[in-house]
Amino acid sequence: MSVWAVLAAAGRGERLGGDRPKAFAKLRGRPLLAESLERLEASDWVDSIMIAAPVGWEEPSILVAEELGCAKVVSCVAGGQTRAESVRAGVAEVGDDAAIILVHDAARPLLPEDVLGNVLTALNAGWDGAVPVLPLADTIKRVDGARVAQTVPREDLVAAQTPQAFLAPVLRDAVAGDLGGATDCSSLVEARGGRIAAVPGDRRLLKVTGPEDLALVEGWL
């Protein structure tokens with residue numbers, strides 16, 4: 001089976017500040033994008049890589065891949081206004097040979113090989129997709145403005161991460177429809193009746209949002 005990875009790297013990164021998109025924020029002197037690219041390139045699970053880059057940053061993204069010697073990178077497309085639109089653009093360029101499409105956020109640079117294995121091997125059990133998750137440690141509150149409206153039982157709640165893996169036809173169908181306010185691919189597949197497996201995630205898969213996250217990830221490298 002051919003496994004294609006779509007690397008979603010089109011985020012603006014406004015909360016990081018600076019004059020460049022999030023994927024080009026510096027992580028130990030390299031673009032954030034480089035860390036995920038390098039790990040996907042080195043993985044025996046992944047055959048081909050498609051980058052969804054910020055508009056106007058397609059060529060710099062390819063240059064990063066070339067400097068790293070990423071032979072698996074097939075192409076780079078311009079992302080959309082939302083993450084879901086960026087993934088749609090990337091999936092549209094995935095080859096017809098793909099049996100599985102893996103979607104990963106460049107904003108989660110520390111991609112462990114065992115998590116890749118977790119999501120991909122889950123598909124062998126008949127699932128349409130697989131998502132790495134972490135249990136919630138904090139008490140969860142639903143609020144109405146400044147008022148706490150409800151304490152939500154957390155026993156069955158988890159935090160979803162990426163990479164997320166899907167049977168290629170299932171994901172192609174999901175991203176072809178209404179994207180709504182989807183913040184991850186699994187919600188689109190779920191909305192069409194797809195069966196999604198929850199597999200163990202990793203706390204190192206922190207999503208870089210602000211400068212403090214970047215500093216924390218740097219400390220883990």
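Author: Before we look at the loops, one term is needed: strands here are DSSP runs of E with at least two residues, numbered from the N terminus. The structure above is a predicted model. With that term in hand, Arg28 can be placed in the loop between strand 2 (26-27) and strand 3 (30-31).

Reader: How should I read the backbone there, and what phi does Arg28 have?

Author: The general idea is that most residues other than glycine have a negative phi. Arg28 is not a glycine, and yet its phi is positive, at about 50°.

Reader: Is Arg28 buried or exposed?

Author: Arg28 is exposed, because its relative accessible area is 53%, and the cut-off for that word is over 50%.

Reader: Which peptide bond is cis?

Author: In general, most peptide bonds are trans. In this model the bond that leads from Thr162 to Pro163 is cis, with omega near 15°, and Pro163 belongs to the loop between strand 10 and strand 11.

Reader: Let us turn to helices. At what angle do helix 3 and helix 5 pack, and how far apart are their axes?

Author: The general idea is that two packed helices are described by the angle between their axes and the distance between the axes. For helix 3 (residues 83-92) and helix 5 (residues 168-176), the angle is about 130° and the axes are 10 Å apart. That angle makes helix 3 oblique to helix 5, and the crossing of the two is left-handed.

Reader: Which residues in helix 3 and helix 5 meet?

Author: From helix 3 come Val87, Arg88 and Val91, and from helix 5 come Leu171, Arg172, Val175 and Ala176. Sorted by kind, the residues of this contact are five nonpolar, no polar and two charged. As for the spacing along a helix, an α-helix has 3.6 residues a turn, so residues three or four places apart point the same way.

Reader: What does Val91 touch?

Author: Val91 lies in helix 3 and is buried, because its relative accessible area is 3%. If residues up to four places away in sequence are not counted, Val91 touches Val6, Ile101, Leu171, Arg172 and Val175. One of these contacts joins distant parts of the sequence, since Val91 and Leu171 are 80 residues apart along the chain, while their C-alpha atoms are 8.2 Å apart in space.

Reader: How do helix 1 and helix 2 cross?

Author: The axes of helix 1 and helix 2 (residues 58-68) come within 10 Å and cross at roughly 50°, and the two helices are therefore oblique to each other. Helix 1 passes helix 2 in a right-handed crossing. The contact brings Leu33, Ala34, Leu37 and Glu38 of helix 1 against Ser61, Val64, Ala65 and Leu68 of helix 2, and its residues divide into six nonpolar, one polar and one charged.

Reader: How many residues of helix 1 are buried?

Author: Eight of the 11 residues of helix 1 (residues 32-42) are buried, so helix 1 is largely enclosed by the rest of the structure. Among the buried residues are Leu33, Ala34 and Leu37, and the list also includes Glu35 and Glu41.

Reader: Which residues in helix 4 are buried, and what do they pack against?

Author: In helix 4 (residues 113-122) the buried residues are Val115, Leu116, Gly117, Val119, Leu120 and Ala122. They pack against strand 1, helix 1, strand 6 (98-105), strand 7, strand 11 and strand 12.

Reader: Strand 7 appears in that list. How many of its residues are buried, and in which sense does strand 7 pair with strand 11?

Author: Six of the seven residues of strand 7 (residues 129-135) are buried, so this strand is largely enclosed by the rest of the structure. With strand 11 (residues 164-167), strand 7 pairs in the antiparallel sense over two bridges, and there Ala130 has Ala165 as its bridge partner. With strand 12 (residues 196-200), strand 7 runs parallel and is joined by five bridges, where Gly129 stands opposite Ile196. With strand 10 (residues 158-160), the sense is antiparallel and three bridges are found, with Pro135 and Val158 as bridge partners.

Reader: Finally, where does Ser2 lie, and with which residues is it in contact?

Author: Ser2 lies in strand 1 (residues 2-8) and counts as buried, because its relative accessibility is 13%, and the cut-off for buried is under 20%. Leaving aside neighbours within four places in sequence, Ser2 is in contact with Asp47, Asp97, Ala98, Ala99 and Ile100.

Definitions and conventions: Residues numbered from 1 in each chain as written. Predicted model: local features only at pLDDT ≥ 70, side-chain atom pairs only at ≥ 80, totals over all residues. Heavy atoms only, no water. Axes fitted to C-alpha atoms, helices over the stretch in contact; angles between N-to-C directions. Helix = DSSP H or I, 4+ residues; strand = E, 2+ residues; numbered from the N terminus. Parallel < 35°, antiparallel > 145°, perpendicular 65-115°, else oblique. Left-handed = near helix turned anticlockwise from the far one by under 90°. Contact = heavy atoms within 4.5 Å. Nonpolar A, V, L, I, M, F, W, Y, C, P; charged D, E, K, R; others polar. Buried < 20%, exposed > 50% of the residue type's maximum accessible area, 1.4 Å probe, protein only. Pairing = 2+ DSSP bridges.
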